[in-house]
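Here are a few notes from going through the model with the local geometry in mind. Have it open beside you as you read.

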Amino acid sequence: MSEAENSGIFVGGGGSDYGAAQMLRPDYANRHGLIAGATGTGKTVTLQILAESFSAMGVPVVLSDVKGDLSGLAQSGSDGFKLHQAFMDRAATIGFGDYAYRAFPVTFWDLFGEKGHPVRTTLAEMGPLLLARLLELSEAQEGVLNIAFRVADEEGWALLDLKDLQALLVWLGQNRKDLSLRYGNVSTASIGAIQRRLLVLEGQGASQFFGEPALALDDLFLTDESGAGRINILAADQLMQSPRLYATFLLWLLSELFETLPEVGDPDKPKLVFFFDEAHLLFEDAPKALVDKVEQVARLIRSKGVGVYFITQNPADVPEDILGQLGNRVQHALRAFTAKDQRALRQAAENYRENPDFDIEDAIREVGVGEAVTSFLERKGIPGMAQRTLIRPPSSQLGPIDVATRAAVMGASPLAGKYETAQDRESAFEILQARAAAAAQEAEAAEAAEEEAPPAEREYRAGRRYSGGGVSRSSSKPAATRRRSSRSDSIGTTFAKSFARQLGTRTGRAVVRGVLGGLFRGR
């Protein structure tokens with residue numbers, strides 16, 4: 001595909017006869033972009049042809065596959081396909097002389113490990129801000145979550161998976177009085193609310209997402225033996241049922257790229273291109289702090305050589321401060337059935353540089369499937385004039401591949417076997433569990449030693465500890481009563497004994513499973 005190596009990425013043909021090539025310049029491809037349009041207008045195919053072109057020029061791609069259609073990138077198109085002649089006719093109409101069928105190197109990923117290599121990260125890498133967003137916590141609850149992460153850092157307790165955080169929150173509740181003096185109020189109500197949200201999150205499958213081995217970002221930058229960039233496809237059809245998890249994961253990935261990659265200035269082509277499908281999920285009901293974080297990443301990650309493209313139905317789904325960072329735009333049709341739709345249509349048209357040959361608002365309303373109003377950055381980053389463009393046909397298969405083909409692609413992947421087996425090394429849960437067991441043994445040993453002590457010595461200890469209160473106590477009282485009166489455990493010891501005793505009973509194990517998210521799950 002020489003068009004991807006020379007003057008730019010051929011997106012389609014514009015002008016009155018669709019003969020004017022519309023090109024996305026590689027040196028401006030990291031200045032982000034937008035693909036918008038109503039359902040069924042061709043957004044997915046536009047995403048597909050852009051991913052193909054970036055891959056052909058050696059640029060790795062990360063994209064989410066919401067409907068399963070994009071798995072076809074792994075398989076070549078075929079002249080037996082029902083739209084073969086239509087594709088050839090369109091290629092001739094727009095002057096796409098290099099058009100040919102081919103497959104592209106693909107790596108499949110899946111947070112649930114079913115349709116791709118498992119994707120995991122640790123709670124420590126996610127951090128309290130994004131986790132609070134994922135759990136939809138209030139300000140007070142987010143404060144308690146921050147305290148939990150702070151304590152874990154100070155104590156050296158690794159937070160890897162959900163059971164680590166759940167165990168830490170139990171410990172926080174048992175020691176809340178001491179912790180409140182140092183960090184601020186730690187209420188049992190906030191801890192309980194966080195625990196309930198964690199249980200809901202666990203029920204949505206997040207226990208498979210948090211853990212090790214964590215995703216190594218370098219594995220997203222691979223190329224094949226011919227130098228083509230690998231297209232990393234995240235299976236998101238099941239993930240879309242948990243939109244908070246979907247949005248938070250993609251935001252975490254962007255943040256990790258931003259914090260990890262070095263500055264590269266203005267490269268000749270991007271180091272990585274990131275397509276964020278169903279982008280409105282990132283911004284719906286998002287707190288201002290989170291939107292500010294996305295805006296910061298969008299502004300600054302360009303200099304790291306990463307291009308971010310948002311795919312959504314309406315440009316209004318994206319906040320204005322972020323929309324202003326999106327220089328390359330493909331606007332498919334918008335349907336204006338209501339007054340609100342008409343206002344959104346006018347607003348979308350105002351985002352383009354005017355073209356005297358046609359009315360942009362009318363064009364956005366009238367373009368057919370596979371056609372769009374496009375505008376790409378030109379020399380010195382100037383927005384290109386809006387053009388009514390016929391989008392080129394894809395070279396890879398249009399539509400999903402079958403299960404057997406997907407399995408074959410995963411088996412031939414250079415990452416096969418690297419992430420499939422989960423690891424469960426020592427972390428906060430195991431440390432707290434071991435401490436609880438050790439403290440319980442120590443307490444039981446102390447009880448046994450006191451039980452064996454002579455009555456006179458026990459009376460002496462009680463008298464020294466409780467001033468006169470223990471002197472008047474009759475030694476004829478039951479030994480258990482005397483032990484309760486003569487010993488005052490620390491908060492940590494009390495929690496440890498209670499925790500360890502619960503672990504030793506069937507009922508206790510059921511309780512702990514409810515609180516900690518399962519003693520053996522995810523191991």
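1. Let's begin with α3, in what is a predicted model. A straight helix of 13 residues would span 18 Å at 1.5 Å a residue, but the end C-alpha atoms of α3 are only 13 Å apart. Where should you look for the bend? α3 has a kink of about 70 degrees, and the kink is centred on Leu129.

2. Next, the surroundings of this kinked helix. Buried residues of α3 include Leu123, Met126 and Gly127, as well as Leu130, Leu131, Ala132, Arg133, Leu134 and Leu135. Which helices do the buried residues of α3 pack against? Their partners are α4, α5 (162–174), α7, α8 (243–260), α9 (280–283) and α10 (288–300).

3. Please also check what happens just after α3, where Glu136 takes a positive phi of about 55 degrees. Glu136 belongs to the loop between α3 (123–135) and α4 (139–155). Is Glu136 buried or exposed? With a relative accessibility of 46%, Glu136 counts as partly exposed.

4. His32 also deserves a moment of your time. Although His32 is not a glycine, its phi is positive, at about 70 degrees. You will find His32 in the loop between β2 (20–24) and β3 (33–36). His32 is buried, with a relative accessible area of 2%, whereas Glu136 is partly exposed.

5. Now for the loop between α7 (188–203) and β7 (231–235), which holds Pro213. The peptide bond joining Glu212 and Pro213 is cis, with omega about 0 degrees. When you inspect the backbone here, that is the bond to pick out.

6. Asp224 is found in the loop between α7 and β7 too. What is the nearest side chain of opposite charge to Asp224? That is Arg102, 5.7 Å away; Asp224 is buried yet has no salt bridge. A salt bridge here needs a side-chain nitrogen of Lys or Arg within 4 Å of a carboxyl oxygen of Asp or Glu.

7. What, then, does the side chain of Asp224 pair with? One partner is the side chain of Ser226, joined to that of Asp224 by a polar contact of 2.8 Å. Another is the backbone nitrogen of Ala228, which lies 2.8 Å from a polar atom of the Asp224 side chain. Leaving aside residues up to four places away in sequence, Asp224 touches Pro105 and Arg230.

Methods
Residues numbered from 1 in each chain as written. Predicted model: local features only at pLDDT ≥ 70, side-chain atom pairs only at ≥ 80, totals over all residues. Heavy atoms only, no water. Helix = DSSP H or I, 4+ residues; strand = E, 2+ residues; numbered from the N terminus. Buried < 20%, exposed > 50% of the residue type's maximum accessible area, 1.4 Å probe, protein only. Expected span 1.5 Å × (residues − 1). Bend = angle between axes of the 7 residues up to and from the residue. Contact = heavy atoms within 4.5 Å. Lys, Arg positive; Asp, Glu negative; His and termini not counted. Polar contact = N/O pair within 3.5 Å; in protein donor to acceptor, adjacent residues only side chain to side chain.
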